[in-house]
Amino acid sequence: MSDITEQKKRIRNCGVVPVLTIESVADAVPLAEALMKGGLDVIEVTLRTAASLDAIKEIASSGLDVFVGAGTITCGSDVGAALKAGSEFLVTPATPDFLVQDLAEFPGLVVPGVATPTEALKLYDQGFDTLKFFPAEPYGGAATLKGLSAPLPNINFMPTGGVKPETMANYLKLPNVVAVGGSWLATDKDIKAGNWDQITALAQTASDAVKAIRSA
Ligand code: 3PG
């Protein structure tokens, strides 16, 4: 089994991927620990802040058994920078042609962003079978992915963008959804205030919900 197959399994097992925007490097490891304590061991750090690459570096070298990746990859140079920081997987919000070659050269799992069936099929043809559906709720939510499962049975999705605790079950029940992503698990406010217990509680609620949905 390839590493990438294992990485896909890890995302599926987790079921909910916290999408993090980290402003201060000092928050990175306590945040990862808080999420892990709540049962979530996959973390996407968005490249939207000056601290993001160092935050990935801190988490990747912390010794925590966490699968850490970089999100908001929007240009080719982000790919190399994310890899150098220790990112094990990449996520893009959208996937224009100019990004595809750099993504294809990344040595781990890449989850390119799409919003339409045409984009999904094009990326599948280019070798990507696990895609981020973004922004999920404005683009039709779970109903859209349900509609894609029969015609595109070999493509799996990680819907992100507007997914909430109340709606995550609608997605996770679908055969073509490996996990949902969301920022609700660690809000800017909770991170800045160091509300690690609150973040652990939100993570625990989400990971318990994943288990309940999958055992139903
Ligand atoms: C993002 O990249 O912003 C994620 O999709 C998070 O979306 P959310 O804030 O709606 O959860």
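In this predicted model, Ser-87 is buried, with a relative accessible area of 5%. Since burial is taken as under 20% relative accessible area, Ser-87 falls on the buried side of that cut-off because its value is 5%. Ser-87 is located in the loop that runs between helix α4 (76-85) and strand β4 (89-91). The side chain of Ser-87 comes to 2.7 Å from the backbone oxygen of Ala-82. Ala-82 also appears among the contacts of Ser-87 when neighbours within four places in sequence are left aside; the others are Ile-56, Val-68, Gly-69, Ala-70 and Phe-106.

A second serine, Ser-52, belongs to helix α3, which spans residues 52-60. Ser-52 has a relative accessibility of 3% and therefore counts as buried. A polar atom of the Ser-52 side chain is 2.9 Å from the backbone oxygen of Thr-49. Apart from residues up to four places away in sequence, Ser-52 touches Ile-22, Val-45, Thr-46 and Leu-47.

An open sheet is formed by 3 strands in the order β6-β7-β8, and the pairing is parallel. The edges are β6 (113-114) and β8 (156-159), each of which pairs on one side only. Strands of a sheet pair through backbone hydrogen bonds, in either a parallel or an antiparallel sense. Between β6 and β7 (residues 130-133), the parallel pairing extends over 2 bridges. Gly-113 is opposite Lys-132 of β7, and Val-114 has Phe-133 of β7 as its bridge partner. Strand β7 is covered on both faces: Thr-130 and Lys-132 are buried on one side, and Leu-131 and Phe-133 are buried on the other.

Helix α7 (residues 141-149) contains the buried residues Gly-141, Ala-142, Leu-145 and Leu-148. Viewed down the axis of α7, these buried residues lie within an arc of 120°, so they line one face of the helix. An α-helix has 3.6 residues a turn, so residues three or four places apart point the same way. Ala-143 and Lys-146 are exposed on the other side of α7. The buried residues of α7 pack against strands β7 and β8, and also against helices α6 (117-125) and α8 (168-172).

Lys-132, a buried residue of β7, is also one of the residues that surround the ligand. The remaining members of this group are Val-19, Arg-48, Phe-134, Thr-160, Gly-161, Gly-162, Gly-182 and Ser-183. Polar side-chain atoms of two of these residues approach oxygen atoms of the ligand: the distance is 2.6 Å for Arg-48 and 3.4 Å for Lys-132. In the case of Gly-162, a polar backbone atom lies 2.6 Å from an oxygen atom of the ligand. On its own, the ligand has 310 Å² of accessible area, of which the protein covers 82%.

Notes. Residues numbered from 1 in each chain as written. Predicted model: local features only at pLDDT ≥ 70, side-chain atom pairs only at ≥ 80, totals over all residues. Heavy atoms only, no water. Pairing = 2+ DSSP bridges. Helix = DSSP H or I, 4+ residues; strand = E, 2+ residues; numbered from the N terminus. Buried < 20%, exposed > 50% of the residue type's maximum accessible area, 1.4 Å probe, protein only. Arc of directions from axis to C-beta. Contact = heavy atoms within 4.5 Å. Near = heavy atom within 4 Å. Polar contact = N/O pair within 3.5 Å; in protein donor to acceptor, adjacent residues only side chain to side chain. Areas by Shrake-Rupley, 256 points an atom, 1.4 Å probe, with all protein chains shown as cover.
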